[in-house]
Structure formats: C-alpha cells, structure tokens
Amino acid sequence: MANKDPERRAATRRRIMDACWEVYAADPAQAVTVSAVVEAAGVHRSTFYEYFDDAPSAMVAIEDELAAAFGAEAERAFA
C-alpha cells in the first residue's frame, strides 16, 4: 500500500519471512502453508498477499536473503 511508510512495510515483510522460517523449522517435512505463516506472523491473509504470491515465493525470498548473506561473508573471508 502506498500510504505505509517503507520502514513499516519492511518490518511487516520481515515478520512474515521470520514466521515462514519458524513454520518450516518446526517441521521441515511438512509443506509451509500461507495459513500457518499468517497465524505465526499474526497478520491477516491479505497482508501476506501484499508481499508474496504464495508460500513458496516467501521461501524463495528467504533463500535469496541467505544466499546474499553467505556471498557477502565469503567475499569478506577471501578479501
């Protein structure tokens, strides 16, 4: 939404991603669902969909973030 400030949007996105990770970590054998993520994050389902298309897209965002962090750490280690 255009009326939300960027810091608030970033915090909400972070909360959803953290909840997604918590749901996955609790039982990696189970599929992560939007229902489980919104319950863990304490947000409405519509809020989830403001940031992600589905649960797999939220997991991809987490993977991308982790890959970037590992890449930056590797660059520091080899510098």
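# Exercises on a four-helix chain

The largest nonpolar core has 19 residues, and those with the most contacts inside it are Ile16, Cys20, Val32, Val37, Phe48 and Phe52. Two or more residues of this core come from each of H1, H2, H3 and H4. The model is predicted. Work through the exercises with the structure in view.

## Exercise 1: the overall fold

Task: State how many helices and strands the chain has, and give its pattern along the sequence.

Solution.
- Step 1. Count the elements: there are 4 helices and 0 strands.
- Step 2. Read along the sequence. The pattern is α-α-α-α.
- Step 3. Add the dimensions. The C-alpha trace spans about 45 × 35 × 15 Å along its principal axes.
- Step 4. Add the burial. Of the 79 residues in the chain, 27% are buried.
- Step 5. Look at contacts between residues at least 6 apart in sequence. Among these, 50% join residues at least 24 apart.

## Exercise 2: the span of H4

Task: What span should helix H4 have at 1.5 Å a residue, and how far apart are its end C-alpha atoms?

Solution.
- Step 1. Find the helix. H4 covers residues 55-78, which is 24 residues.
- Step 2. Work out the expected span. The rule is 1.5 Å times one less than the number of residues. For H4 this gives 34 Å.
- Step 3. Compare with the model. The end C-alpha atoms of H4 are 35 Å apart, which agrees.
- Step 4. List the buried residues of H4. They are Ala55, Ala58, Met59, Ala61 and Ile62.
- Step 5. Find what covers them. The cover includes helix H1 (6-26), helix H2 (34-41) and helix H3 (45-51).

## Exercise 3: how H1 meets H2

Task: Describe the packing of H1 and H2 by angle, axis distance and handedness.

Solution.
- Step 1. Recall what is needed. Two packed helices are described by the angle between their axes and the distance between the axes.
- Step 2. Give both values. H1 and H2 pack at about 115°, and their axes are 8 Å apart.
- Step 3. Give the hand. The crossing of H1 and H2 is right-handed.
- Step 4. Name the residues in contact. H1 brings Arg15, Ile16, Ala19, Cys20 and Val23, while H2 brings Ala36, Val37, Ala40 and Ala41.
- Step 5. Sort them by type. The contact of H1 with H2 has 8 nonpolar residues, no polar ones and 1 charged.

## Exercise 4: Thr12, Thr47 and Ile16

Task: Are Thr12 and Thr47 buried or exposed? Which residues do they touch beyond four places in sequence?

Solution.
- Step 1. Place them. Thr12 is in helix H1, and Thr47 is in helix H3.
- Step 2. Apply the cut-off. Buried means under 20% relative accessible area. Thr12 has 11%, so Thr12 is buried. Thr47 has 14%, so Thr47 is buried.
- Step 3. List the contacts, leaving out residues up to four places away in sequence. Thr12 touches Thr47 and Tyr51. Thr47 touches Thr12 and Ile16.
- Step 4. Check one distance. Thr12 and Tyr51 are 39 residues apart along the chain, and their C-alpha atoms are separated by 8.8 Å.
- Step 5. Follow Ile16. Leaving aside neighbours within four places in sequence, Ile16 contacts Val37, Ala41, Val43, Thr47, Phe48, Tyr51 and Phe52.

## Exercise 5: Tyr24 and Asp53

Task: Where do Tyr24 and Asp53 lie, and which exposure class does each belong to?

Solution.
- Step 1. Place them. Tyr24 is in helix H1. Asp53 is in the loop between H3 and H4.
- Step 2. Class Tyr24. Partly exposed lies between the 20% and 50% cut-offs. Tyr24 has a relative accessible area of 29%, so Tyr24 is partly exposed.
- Step 3. Class Asp53. The relative accessible area of Asp53 is 66%, so Asp53 is exposed.
- Step 4. Find the contacts of Tyr24. Apart from neighbours within four places in sequence, Tyr24 is in contact with Val32 and Met59.
- Step 5. Set out two C-alpha distances. Tyr24 and Lys4 are 20 residues apart in sequence and 28 Å apart in space. Asp53 and Val34 are 19 residues apart in sequence and 9.7 Å apart in space.

Definitions and conventions: Residues are numbered from 1 along each chain as its sequence is written. This is a predicted model: local features need pLDDT of at least 70, side-chain atom pairs count only at pLDDT 80 or more; totals for chains, interfaces and linings use all residues. Side-chain values use heavy atoms; hydrogens and water are left out. Buried means under 20% relative accessible area, exposed over 50%, partly exposed in between (1.4 Å probe, protein chains only). Contact means heavy atoms within 4.5 Å. A nonpolar core is a set of buried Ala, Val, Leu, Ile, Met, Phe, Trp, Tyr and Cys residues joined through side-chain atoms within 4.5 Å. Axes are lines fitted to C-alpha atoms, for helices over the stretch in contact, and angles run from 0 to 180 degrees between N-to-C directions. A crossing is left-handed if the near helix is turned anticlockwise from the far one by less than a right angle, and right-handed if clockwise. Ala, Val, Leu, Ile, Met, Phe, Trp, Tyr, Cys and Pro count as nonpolar, Asp, Glu, Lys and Arg as charged, and the others, Gly among them, as polar.
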